[in-house]
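Here are a few exercises to try with the model open in your viewer. Have a go at each task before you read the solution.

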Amino acid sequence: MSFRYIKASHLDASAAVKLVLQERGSEHIRSYFANRAGFYITSVCLAEALGVFKRKRLCDEISEKQYVTTCSLLLGYLRTPPRIHVDEIELSSLDTFAEAEEIARRHKIDLSDSLQLVSVKHGRSSSCVPGFKTVLITADRALASAAKAEGLRVWNCEEEAAPPAQ
């Protein structure tokens, strides 16, 4: 029996938004997404992305139809067969929280972003391919900087056309 490994990519909320809503960098993430499998997102980032759509609707930046469409598109990627898998760590764990709190303090980022970094480090996506680092896809400069400082592979899809080579 042979196994096919899938290289993993972890979406943060900003990347998930760009995947389904036209913004700066959307063409980069969409092109990358179209030709690959192995995408992950945490439920925290998923909720944050849905919250972005809600805020854009409430501020009349998108129409009601665009709001429903973007939410449906993103959630549709989670359905069978999923293009994006929900990757969770034990959020209620004291060890998880302590690590996230330390990362947040060290890099002056918010707790949801530091939980994202803990997820990339220790979640299901972290061990998909032996010798391959999961890539965190983001458009958040502070998160990208913190991820690099933590030794993670990161791609700012708003500023770079493709992720850095492994």
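**Exercise 1. A residue in a helix**

Keep in mind that this is a predicted model. Find the helix that holds glycine 76, then decide whether glycine 76 is buried, partly exposed or exposed.

*Solution.* Start with the helix: glycine 76 sits in α4. Next, take its relative accessibility, which comes to 26%. Buried would need under 20% and exposed over 50%, so glycine 76 goes down as partly exposed.

Now try lysine 65, another resident of α4. Its relative accessible area is 68%, and the cut-off for exposed is over 50%, so lysine 65 is exposed.

**Exercise 2. Two helices side by side**

Work out how α3 and α4 are oriented to each other, and list who touches whom.

*Solution.* First, locate the helices: α3 covers residues 43-58 and α4 covers residues 64-76. Their axes come within 9 Å and cross at roughly 170°. Angles over 145 degrees count as roughly antiparallel, so that is how α3 and α4 run relative to each other.

Then go through the contact. From α3 come Leu46, Ala49, Leu50, Phe53, Lys54 and Arg57, and they meet Glu64, Tyr67, Thr70, Cys71, Leu74 and Leu75 of α4. Sorted by class, this contact holds eight nonpolar, one polar and three charged residues.

**Exercise 3. A strand and its neighbours**

Take strand β4, residues 135-138. Which way do its side chains point, and which residues partner isoleucine 137 in β1 and β5?

*Solution.* Begin with the side chains. Val135 and Ile137 point one way, Leu136 and Thr138 point the other way, and all are buried.

Move on to the pairing with β1 (residues 9-11): the strands are parallel, with three bridges. Here isoleucine 137 is the bridge partner of leucine 11.

Now look at β5 (residues 153-156), which is parallel to β4 and joined to it by four bridges. In this pairing, isoleucine 137 partners tryptophan 155.

Last, trace the connection: β4, helix α7 (residues 141-149) and β5 form a β-α-β unit, and it is right-handed.

**Exercise 4. Sequence versus space**

Find how far glycine 76 is from threonine 138, in sequence and in space. Do the same job for lysine 65 and leucine 115.

*Solution.* Glycine 76 and threonine 138 are 62 residues apart along the chain, and their C-alpha atoms are 20 Å apart. For lysine 65 and leucine 115, the sequence separation is 50 residues and the C-alpha to C-alpha distance is 32 Å.

Terms used. Residues numbered from 1 in each chain as written. Predicted model: local features only at pLDDT ≥ 70, side-chain atom pairs only at ≥ 80, totals over all residues. Heavy atoms only, no water. Axes fitted to C-alpha atoms, helices over the stretch in contact; angles between N-to-C directions. Parallel < 35°, antiparallel > 145°, perpendicular 65-115°, else oblique. Contact = heavy atoms within 4.5 Å. Nonpolar A, V, L, I, M, F, W, Y, C, P; charged D, E, K, R; others polar. Buried < 20%, exposed > 50% of the residue type's maximum accessible area, 1.4 Å probe, protein only. Pairing = 2+ DSSP bridges. Right-handed = clockwise from strand over helix to strand, strands pointing away.
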